[in-house]
Amino acid sequence: MRRIAVFTGTRAEYGLLYWLMKEIAAAPDLELKTVVSGAHLSPEFGLTYRQIEQDGFQIDERVEMLLSSDTAVGVIKSMGLALIGMADALARLTPDVLVILGDRYEALAMAQAAMIMRIPVAHLHGGEITEGAYDDAIRHAITKLSYLHFTANEAYRQRVIQLGEAPERVFNLGAVGLENINRTALMSRDALSASLGFALDKPYFVLTYHPVTLSAEPAVESFQALLNALDDYPGYQVIVTYPNADDGGRQLIPLLKHYAALQPGRVLAIPSLGHQRYLSAVKHCAAVIGNSSSGIIEVPSLRVPTVNIGQRQKGRMAAASVVNCQPVHASISSAIKDALCPLPASAFANPYGMGDVSTRIVAVLRRFPLTSAKAFHDIARSLPQ
């Protein structure tokens with residue numbers, strides 16, 4: 001029996017991992033262990049570890065690491081605390097393989113600890129490009145610290161191989177988050193409204209905006225431009241979720257709270273929706289607005305347009321239903337107008353697969369020979385004579 005540890009540090013990443021965790025837990029020859037950290041354990045970000053427990057998972061290790069800071073120095077210190085706590089957690093769990101998704105700094109700390117402890121890492125969503133955030137470099141770093149790779153499309157698989165990973169260890173299985181759309185029982189609009197305690201009696205937008213950590217896109221000014229653009233559409237309600245725990249994110253929380261307080265019947269601000277309510281909210285909304293990866297990877301499969309703001313997701317492959325704009329009032333407002341125009345079905349063709357991912361990942365985790373050692377895979381090139 002193989003012991004599979006799954007790491008999660010944020011609400012968004014847990015939502016993507018949910019069905020994979022279910023499949024691992026149900027497999028008779030696999031043992032699921034969970035390591036929960038980061039914003040999950042923070043009251044400021046909604047104590048979302050509770051959702052993990054409500055979903056029936058046992059939390060085997062909790063790693064407190066998030067400082068109440070909104071600076072790059074605070075993030076770095078949080079990573080240091082994470083590395084210490086994760087070393088202890090892995091020493092207690094002794095997993096055969098560790099599953100990590102994505103590109104967060106919490107995940108980087110976990111991958112570092114696993115590499116030093118010779119625990120093979122299975123990495124999901126490697127090979128992608130997001131030029132506006134330091135997540136981009138973190139993602140590639142985790143690739144080099146990992147042994148198995150599960151990418152969201154073939155172009156990303158080729159990029160992981162370009163980074164020196166052996167092709168036989170890189171699997172293009174599609175985006176794991178799309179499985180939520182296929183397997184989650186989504187709520188009706190009325191049920192969603194009742195669950196939120198907020199009357200959704202008009203067309204509405206779903207909004208998530210995160211700080212842009214690597215380009216000159218000031219968080220407060222850009223977010224205020226977004227709020228100003230929303231005022232151009234007074235006939236639409238707004239569900240806005242909190243930003244993530246990157247440096248600069250805490251500056252945005254008072255702004256969104258104030259915006260919601262001024263318009264209590266129009267705007268709902270909520271730390272986290274959870275994956276069922278989030279997907280349900282997206283299904284019934286007029287458009288998703290912000291700069292989250294979800295707007296690019298999952299939302300098109302629900303046939304809902306996305307307004308993608310600024311540089312954070314620059315370089316990521318996207319469906320034609322994603323409307324890109326600059327982080328200024330006029331550009332955002334114009335993009336919302338474009339997104340509200342009827343789109344052909346072909347615009348929602350999703351380059352990230354069909355959502356049949358978890359069982360195929362489990363099949364690899366079950367059978368693939370595991371070791372912490374690997375050789376660099378050189379791509380053959382013709383040299384000039």
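Select Leu226 to begin: leaving out residues up to four places away in sequence, it touches Leu207, Tyr209, Ile289, Ile309 and Ile332, where contact means heavy atoms within 4.5 Å. This is a predicted model, in which local features need pLDDT of at least 70 and side-chain atom pairs count only at pLDDT 80 or more, while totals for chains, interfaces and linings use all residues. Residues are numbered from 1 along each chain as its sequence is written, and side-chain values use heavy atoms, with hydrogens and water left out.

Widen the selection to the largest nonpolar core, which has 61 residues and in which Leu98, Leu226, Leu230 and Ile289 touch the most other members. Such a core is a set of buried Ala, Val, Leu, Ile, Met, Phe, Trp, Tyr and Cys residues joined through side-chain atoms within 4.5 Å; buried means under 20% relative accessible area, exposed over 50% and partly exposed in between, with a 1.4 Å probe and protein chains only. Helix H4 (residues 105-116) gives this core its largest share, 8 residues; helices (H or I, at least four residues) and strands (E, at least two) are DSSP runs numbered from the N terminus.

Next, show helix H3 (residues 72-93) beside H4: the two pack at an angle of about 40°, with their axes 8 Å apart. Axes are lines fitted to C-alpha atoms, for helices over the stretch in contact, and angles run from 0 to 180 degrees between N-to-C directions. H3 is therefore oblique to H4, since angles under 35 degrees count as roughly parallel, over 145 as roughly antiparallel, 65 to 115 as roughly perpendicular and the rest as oblique. On the H3 side, the residues in contact include Val75, Met79 and Leu90, and on the H4 side they include Tyr105, Leu108 and Ala114.

From H4, move to helix H5 (residues 135-145), where Asp135, Asp136, Ile138, Arg139, His140, Ile142 and Thr143 are buried. These buried residues pack against H4, strand S5 (121-124), strand S6 (148-151) and helix H6 (154-162).

Now pick Gly174, in the loop between strand S7 (170-172) and helix H7 (178-183). Gly174 is buried, with a relative accessible area of 10%, and, its neighbours within four places in sequence aside, is in contact with Thr151, Ala152, Tyr352 and Val357.

Finish with helix H1 (residues 11-26) and helix H14 (residues 358-367), which pack at an angle of about 50° with their axes 9 Å apart and are therefore oblique to each other. Trp19, Leu20, Glu23 and Ile24 of H1 meet Ser358, Thr359, Ile361, Val362 and Leu365 of H14.
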